[in-house]
Number of protein chains: 2
Amino acid sequence: MARRPLDLDQAFAAARQGERGPLAKLLSVVERGGPQARRLGQLVHPHTGSGYTVGITGAPGAGKSTLTSAMVADLRRRELPATVLAIDPSSPFSGGAILGDRVRMVDHSLDPEVFIRSMATRGHLGGLSLAAPAAIRLLESVGREWILVETVGVGQIEVDIAGDADTTVVVVNPGWGDAIQANKAGLMEIADVFVVNKADRDGADGTRRDLEYMLDLGSRDGWRPPVVMAVATDATGIGESWEAIAAHREHLSSTGALETRRDERAGVELERILTEQIRARVDELRAGDAHADLLDRIRARELDPWTAADQLLS
Amino acid sequence: MARRPLDLDQAFAAARQGERGPLAKLLSVVERGGPQARRLGQLVHPHTGSGYTVGITGAPGAGKSTLTSAMVADLRRRELPATVLAIDPSSPFSGGAILGDRVRMVDHSLDPEVFIRSMATRGHLGGLSLAAPAAIRLLESVGREWILVETVGVGQIEVDIAGDADTTVVVVNPGWGDAIQANKAGLMEIADVFVVNKADRDGADGTRRDLEYMLDLGSRDGWRPPVVMAVATDATGIGESWEAIAAHREHLSSTGALETRRDERAGVELERILTEQIRARVDELRAGDAHADLLDRIRARELDPWTAADQLLS
């Protein structure tokens, strides 16, 4: 299928004027990766730094989507625009297609001040780890301030992406062991705010106690994550969730930790880009004749693979 | 702690004479990785290709260690030497230390014709994926023929390592859903032989049926994995397990698939080494002054990370 080439500069200018169509197209460029995504990243870079990202993660079924939707509604009640980036590495669908499935988000789908986008991998290794921060930067460069980054599962990539947010919200449910599961999945280390969702169920107090107990064991950047009790389906605890996020933002700003964190992320991203560029070069090397010849010589035991790698790289 | 430098040539020559001490030291070199492991790989390479590896994998608790031990006993009954490489990515111990814990292996620990070694990661990314095949090659280059590669868990790295063997044995237990679990963990695709261990328990026939049903759905390289019923604790089914492995070996040899598989593995390994070499170069780049300067310019938004990566790589 031929794809009409998108004029990146024109689309970016239009997106910065608030047009949604061009923004959606640019997000597809980011998702596909490759040279166009790179060119777009260069356009976007000078305009970044004004958004604030909130990562929302937790086990499947914890109610992340419902919580996200309720948090969007709360932003809208306060007349603030809202942006949601849903990260779904396992989805075979592209952004637009999955959106229809996100039933609870449908409430917001006609609101012009709400922008929701799902993002899947495009099959290339490390794809989402590069694409998600690039998408966030694109969103902030077109003037979107509050960007909620919701992950569908708790795979390593998703935990990493949620943990890369300015404030990371970890959603758990009442029930024996849920707090311990969160600990196992590496969620304790990335949590800035805990939300115990479905807090009207049995065991909510126990889960809160478990969390507080684990939080007693250590804090990060001088911040102790608050534990908010919520029932997202009837909007209970949503205001408190936002208050906890605002308090964390204030803490990060006043201590200078916000800049430090963002500087660290810039370093991590440069590393990912370096690795990706180099990986692309390895793929090129592997496609060449020299690679096939060297492989034959390795198989004939004339040459060891380390020396072969050196010869390819030189 | 200062480590006395090991004379690789001398140790390798001694290991090829059958000395166990030098072999154990060389395996530690492989495990640590780095330039010495690379030098050793170069020494070893011309002498590889004569061993036969049997991967043994399956869920924790399936009885892999017991089966491995019984298979070692069977080799010894036939007066064949036996070699076991136990892959344990989660173990914080180095090879020698964990051996004492492997109680069931103690039967063999005084037998000079049995060589058992545990291998853990040494913390570096992709470590085991590179170190395990290098260890196998070292073992075959010193004349060890039957090499059993047992994995402790079924993490992706362990499944990959077990699947890289010449013959891969997947161990399951009776019980509803165990075959389905094996399918989920990606074990159906790598299995050349199934062993239903603890086959004296309820549900063994059902598990066999489930496996046969899934095997009806497709085969690989014209080979349908046999399903062997075993009770490793009393050595039932061990002879049959070895017969199934021998039949698979004969199949691979007669169809030429053994060479094809090994050629493919050589390609995969060259790719891993290329990636690892490149990663080492990225680490070098990141340690330099140029990297720090570029990072400052990215943070100041004077420069985008893609252009910075290009500048570092050029």
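## Helix α12 of chain B

In α12(B) of this predicted model, B:Glu269, B:Leu270, B:Ile273, B:Leu274, B:Glu276 and B:Ile278 are buried (20 or more other C-beta atoms within 10 Å of the residue's own, against 12 or fewer for exposed and a count in between for partly exposed, with C-beta atoms placed from the backbone). The cover over these buried residues includes α12 (257–287), α13 (289–299) and α14 (305–313) of chain A, together with α6 (127–141) of chain B. Helices and strands are DSSP runs numbered from the N terminus, with H or I over at least four residues for a helix and E over at least two for a strand.

Helix α12 of chain B covers residues 257–287, which is 31 residues. From its first C-alpha to its last the helix reaches 45 Å, close to the 45 Å expected at 1.5 Å a residue (1.5 Å times one less than the number of residues). An α-helix has 3.6 residues a turn, so residues three or four places apart point the same way.

## Basis of the model

Residues are numbered from 1 along each chain as its sequence is written, while chains are lettered from A and ligands numbered from 1 in the order in which they are written. Because the model is predicted, local features need pLDDT of at least 70 and side-chain atom pairs count only at pLDDT 80 or more, whereas totals for chains, interfaces and linings use all residues.

## Contact between the chains

The contact takes 32 residues from chain A and 33 residues from chain B (two residues are in contact if their C-beta atoms, placed from the backbone, lie within 7 Å). On the side of chain A that touches chain B, α3 (35–44), α12, α13 and α14 of chain A each supply at least two residues. The most comes from α12(A), with 14 residues. By class, this side of chain A has 16 nonpolar, eight polar and eight charged residues. Nonpolar here means Ala, Val, Leu, Ile, Met, Phe, Trp, Tyr, Cys and Pro, charged means Asp, Glu, Lys and Arg, and the others, Gly among them, count as polar.

## Symmetry

A turn of 179° and a shift of 0.2 Å along the axis lay chain A on chain B with an RMSD of 0.2 Å (least squares on the C-alpha atoms of residues with pLDDT of at least 70 in both). The two copies are thus related as by a two-fold rotation axis. In chain A, the C-alpha nearest the axis belongs to A:Ile278, 3.5 Å from it. Both copies use the same surface, as 100% of the contact residues of chain A recur in chain B.

## Strand β4 of chain B

Strand β4 of chain B (residues 146–151) is mostly covered, with five of its six residues buried. Strand β1 (residues 52–58) of chain B pairs with β4(B) in the parallel sense over five bridges (pairing requires at least two DSSP bridges between two strands). β2(B) and β4(B) also pair in the parallel sense over five bridges. B:Ile147 is the bridge partner of B:Thr53 and of B:Thr83.

## Positive phi in loops

Most residues other than glycine have a negative phi. B:Glu79 has a positive phi, near 60°, and lies in the loop between α4 (64–77) and β2 (82–87) of chain B. B:Glu79 is exposed, with 7 other C-beta atoms within 10 Å.

For B:Ala235, phi is positive and near 65°. B:Ala235 is placed in the loop between β7 (227–229) and α11 (238–255) of chain B, and counts as partly exposed because it has 16 C-beta neighbours inside 10 Å.
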